[in-house]
Amino acid sequence: METGLVRIAEIARQNPKERFTALIHHINHETLKECHLEISGSKASGVDQVTKQAYEENLEANIADLIGRMKRQAYKPQPVRRVYIPKEGSNKRRPLGIPSYEDKLVQKGLARILNTIYEQDFLDCSFGFRPGRGCHDALKVLNHIIERKKVNYIVDADIRGFFDHVDHEWMMKFLELRIADPNLLRLIKRFLKAGVMEAGIVYDTPKGTPQGGIVSPILANIYLHYVLDLWFEKVVKKRCQGEAYLVRYADDFVCCFQNKSDAEWFYANLRERLNKFNLEVAEEKTRIIAFGRFADKESKKQGRKKPDTFDLLGFTHYCSKSKKGWFRVKRKTSQKKYRSSLLKCKTWLRKHLISPTDYVIEMLQIKLQGYYRYYGITDNSTALRNFCDKVRRMLFKWFNRRSQRKSMNWDKYVRFLNKHPLPKGRIYVDIYDVRPELLSYLK
């Protein structure tokens, strides 16, 4: 499959208008075995309750049966199992759709093919769910744009319930621009229409692509590539009198403008653009703010002490200055993410109230390292220290809730931490260490 995909990628790169007519055969016996090896065995199971371990017991026969049904066009994806997880910063819950194990295999093979084709088409302003790109890359490029380019205004936008409102007809039209294989298109459509099961009841899915599906991220990127990225590149930027830039990670994006009139035009037309494709702007979360080297002066004209801030990818971005007095963008962990992470830690400790101490300490060390690896970014040291201090105090309370009487005072606790230290937060990500190829599209 790898050789075939390399050839497809080469053709897609050389011929942007090429439509591929024979793709489904790339999802074959060997491909599905590779996908099986790549899928984690710890993931939740779908409506059929089949785990990776159970499927593996008769792997060859199971895959052969799956391939046979696909060739006869008798394969139909099962409804995804609907579960809800807490939504950070609110009392709402985020819906996830968990596919059955067999559907995960096919989706992974399908995602490989789609990624191979569309990686040649996607614009450099897109960072989410793409190989070799991540959240920190998006933050680094955004930092470069605001500090080095002529940026005075930010449009901080939000699409309301994006994954739940993807229009299936438009999705298929976008796919048909590059794919002419009816069997592959039929397979994608079946996944979109598979439905969801909640409390034993199956509901139709006339729109949307479920978060949690393996193929959903690439489908979301394809949708927003045509709806937002190309429109911004081909229409918005050409219409603007000043400089304009877009940075998008999945359905989270910010737009940077030199002129306020350009930002206002974009804001006014964004609503109409999204409505055309059955998407909606979340008005309460979308705004134009003065942001950049002159934002401080403008905020003072309006009687405010400080310029507005905006959140992206878990960080609050704010205007500041370097030690030499030059304008700088700085970041700190957003309050929503900060409180959410503390709540998760508190809930986890409460759940493991009677777990062995060694296990709790070991797991806390792992969790803290993971937290620091993401939030340990330039200028965020204070938030990291505060988070570490809060967790230390939570652990102290945890020790004293394990019995009816207070079993540990603070001095004893400090001595315990000297023997079993929790990792301290430090900066892992240099915001200025950005790969040159990520900035090439800004020239």
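## Strands β3, β6 and β7

In this predicted model, Ala157 has Phe253 in β7 as its bridge partner. The two strands involved, β3 (residues 153-158) and β7, run antiparallel and are joined by 6 bridges. Strand β7 spans residues 252-257 and is mostly covered, with 5 of its 6 residues buried.

Strand β7 also pairs with strand β6 (residues 244-249), again in the antiparallel sense and over 6 bridges. Here Val247 is the residue that stands opposite Val254 of β7. Strands β6 and β7 make a hairpin in which 2 residues lie between them. Ala250, in the turn of this hairpin, has a positive phi of about 55 degrees.

## Strands β10 and β11

Strand β10 (residues 315-321) pairs with β11 in the antiparallel sense, over 7 bridges. Within this pair, Val329 in β11 has Cys319 opposite. These strands form a hairpin too, with 5 residues between them. Gly325 is in the turn, and its phi is positive, at about 95 degrees.

How many of the 7 residues of β11 are buried? The count is 6, so strand β11, which covers residues 327-333, is described as mostly covered.

## A positive surface patch

Lys87, Lys92, Arg94, Lys285 and Lys336 form a positive patch on the surface. One of these residues, Arg94, belongs to strand β2 (residues 93-98). Is Arg94 buried or partly exposed? Its relative accessibility is 30%, and therefore Arg94 counts as partly exposed.

Methods
Residues are numbered from 1 along each chain as its sequence is written. This is a predicted model: local features need pLDDT of at least 70, side-chain atom pairs count only at pLDDT 80 or more; totals for chains, interfaces and linings use all residues. Side-chain values use heavy atoms; hydrogens and water are left out. Patches are made of residues with over 30% relative accessible area and no salt bridge: like charges are joined within 9 Å, nonpolar side chains (Val, Leu, Ile, Met, Phe, Trp, Tyr) within 5 Å. Accessible areas come from the Shrake-Rupley method with a 1.4 Å probe; for residues, only the protein chains shown count as cover. A salt bridge is a side-chain nitrogen of Lys or Arg within 4 Å of a carboxyl oxygen of Asp or Glu. Lys and Arg count as positive and Asp and Glu as negative; His and the chain ends are not counted. The place of a charge is taken as NZ of Lys, CZ of Arg, CG of Asp or CD of Glu. Helices (H or I, at least four residues) and strands (E, at least two) are DSSP runs, numbered from the N terminus. Buried means under 20% relative accessible area, exposed over 50%, partly exposed in between (1.4 Å probe, protein chains only). Two strands pair if DSSP finds at least two bridges between them.
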